[in-house]
Each structure stands twice: as C-alpha cells, then as structure tokens.
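Colleague: I am new to this structure and would like a close look at a single part of it. Please pick one strand and follow its surroundings.

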Amino acid sequence: MVSMRRSTILNSARPRLTAAAVLVAALSLLSALPAVPSSAEDMPVRGTAYMGMSVLTHDGRDGTPEARPADARAGETEGVDVASYQRDVAWPTLWGSGVKWAYTKATEGTSYTNSYFAQQYDGAHDVGMIRGAYHFATPDQAGGAAQADYFVDHGGGWSNDGQTLPGVLDIEWNPYGDDCYGKSTSAMVTWLRDFLGRYKSRTGRDAVIYTATSWWATCTGNYAGFAATNPLWIARYASTAGTLPAGWSSYTMWQYTSKGPTVGDHDKFNGAVDKVRALATG
C-alpha cells in the first residue's frame, strides 16, 4: 500500500508533455535537419528561359533598371530582345519610341522553338527594324554543333538583305541546374568553339556571343580566344557596362536592363544605326 502511494506520488511529480509541447519539440528537431534540395517542380520549365533570365537572378541589378545608362553616348542605338513570354509584341509602338533593332529568341537546346517567333521576328522587320534571332544554349543537353544546326534550321539563319543580323549565342548561368552546366572551363570552351564553328560554316557569319562577365570568368576561365572574331553582347544591369570578358576591349551591344515579362529587355548598340546595318550586311 505504501509502495503504491509512493509510485503515485512520483508519477504525479513528473512533468507531463502536452500536445503543443510535443509539436514544438518535433518542429525544433526538423529545423535542425539539413535542408532538402528543391524538387524538379521548383525549377523553370525547359524552354522558358530568356536572354538575361539567370543573369538577373545571379548578378542582380545595380541601380534603377528603368533609368537610361548614364554613360550612353548620343550615337548609340536603342534595341530590344524578346521571347515567347512577351507573346504578340507591339512593334509599331516600340518603333515609335526609338527602337531600331531587335532580337527574338528562336530556339533552346535541340527541342524547343519559340511559338511566337514568326510574329516577333517578322513583326520587327515589317516596321523597319533590323532584326536577328538568338539561341539559348544548354550545353548539358546536346553538343555545340548539334545546337548550332538546330538553331540555323529553326530561324537562326542569316540573309544578306541588310536587315538580318547574325545569330546570337546566349550563354549564361544555367537556370535549370549547375551554373556551368556540369562542364569544366576547358570543356565549356570546346563546346562554345563547336557551336561557333558550326554556325560560321552554315551561315558564313560569326555569331554574336551574349554573356555576363561574371559567368564568362567562372565557366570559361575568362577565355580570350573568341574576341577577335565574335562580337560581344554584354549583360549588365547598371549605369555602365563595367568590366568586359577577357579579350574584348569594347562591346558591340549591351543589355542594360532586364525587366522580365514586359515589352522586352532594352539594349544599346555601340554605334549609330548605320553601324547596326553594317553588322547586318557583314
């Protein structure tokens, strides 16, 4: 009897865990566990990438993106770049605002084509703009030569008509995974060389390289070997274009703002409109 009473007293003295206390303890334990990687569902859908998408995410903006570049010379020519998310573009409005050249995303990898390409590419031409097409590179999906062929076969070709700019290779931070697409710097340079060489052999023109200095330094080791032949389109969202990748002393084009899905990201061509036409004619 005494033993039972003592046991009852001891049990009643022990602290009792309420349901709330158990929940708090469980949550505390979970918070201490390593973070679970994002699932594939959190990644952008392949094909949805656009020029500057991952540059904006990785490098951000320096200053007010809507402002005109502080160092823009009067002789520079305004341009835009567009992709499928902008759907049907109001080209007459852009022309009236002073935009004289444009690039439209044509392809990505070896399976995606822009369903709005005709409206965007032909629409720019119809209002009088000098226009071209770009390819969003995914070096982890297929070889450089294969992607160049796909690009040329789906809108990325070139015509010597004075209104068609050479194709652009958009190579930037991977929006779908590893920043450098799982490649070493030497393997990335080889991939780029394969793409650029095949594009030149198919069209007779050297493709423009669109990139950010940060990506180029990280993923190519700041390789300087393409500067002598391939025009540079630099991406930097600030009042100046900043330091350029190795080998280039000046940019041909500069994407100075990326606003996402609006009327197009804005760019400057380093020269008056006759220089734009000169690039188109080769």
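Modeller: What follows is a walk around one strand, with a short stop at the disulfide afterwards. The model is a predicted one.

The strand is β4, which spans residues 130–136. Of its 7 residues, 7 are buried. In a regular strand the side chains alternate between the two faces of the sheet. In β4 both faces are covered. On one side sit I130, G132, Y134 and F136, and on the other R131, A133 and H135, all of them buried.

Next come the strands that pair with β4. Strand β2, residues 101–108, runs parallel to β4, and 7 bridges join the two. Within this pairing, W101 has I130 of β4 as its bridge partner. Strand β5 is also parallel to β4, with 3 bridges between them. There, Y134 is partnered by V168 of β5. Between β4 and β5 the chain passes through helix α6, residues 144–156, and this β-α-β crossover is right-handed.

Past β5 the chain leads to the disulfide. The structure holds 1 disulfide, and this bond joins C180 to C219, with an S to S distance of 1.9 Å. The torsion about the S-S bond of C180 and C219 is about -75°, so the disulfide is left-handed. C180 lies in the loop between β5 (168–170) and α7 (185–203), while C219 belongs to helix α8, residues 213–220. The two cysteines are 39 residues apart, so the pair links distant parts of the chain. Both C180 and C219 are buried.

Conventions:
Residues are numbered from 1 along each chain as its sequence is written. This is a predicted model: local features need pLDDT of at least 70, side-chain atom pairs count only at pLDDT 80 or more; totals for chains, interfaces and linings use all residues. Side-chain values use heavy atoms; hydrogens and water are left out. A disulfide is a pair of cysteine sulfur atoms within 2.5 Å. Helices (H or I, at least four residues) and strands (E, at least two) are DSSP runs, numbered from the N terminus. Buried means under 20% relative accessible area, exposed over 50%, partly exposed in between (1.4 Å probe, protein chains only). Two strands pair if DSSP finds at least two bridges between them. A crossover is right-handed if, with the strands pointing away from the viewer, the path from the first strand over the helix to the second runs clockwise.
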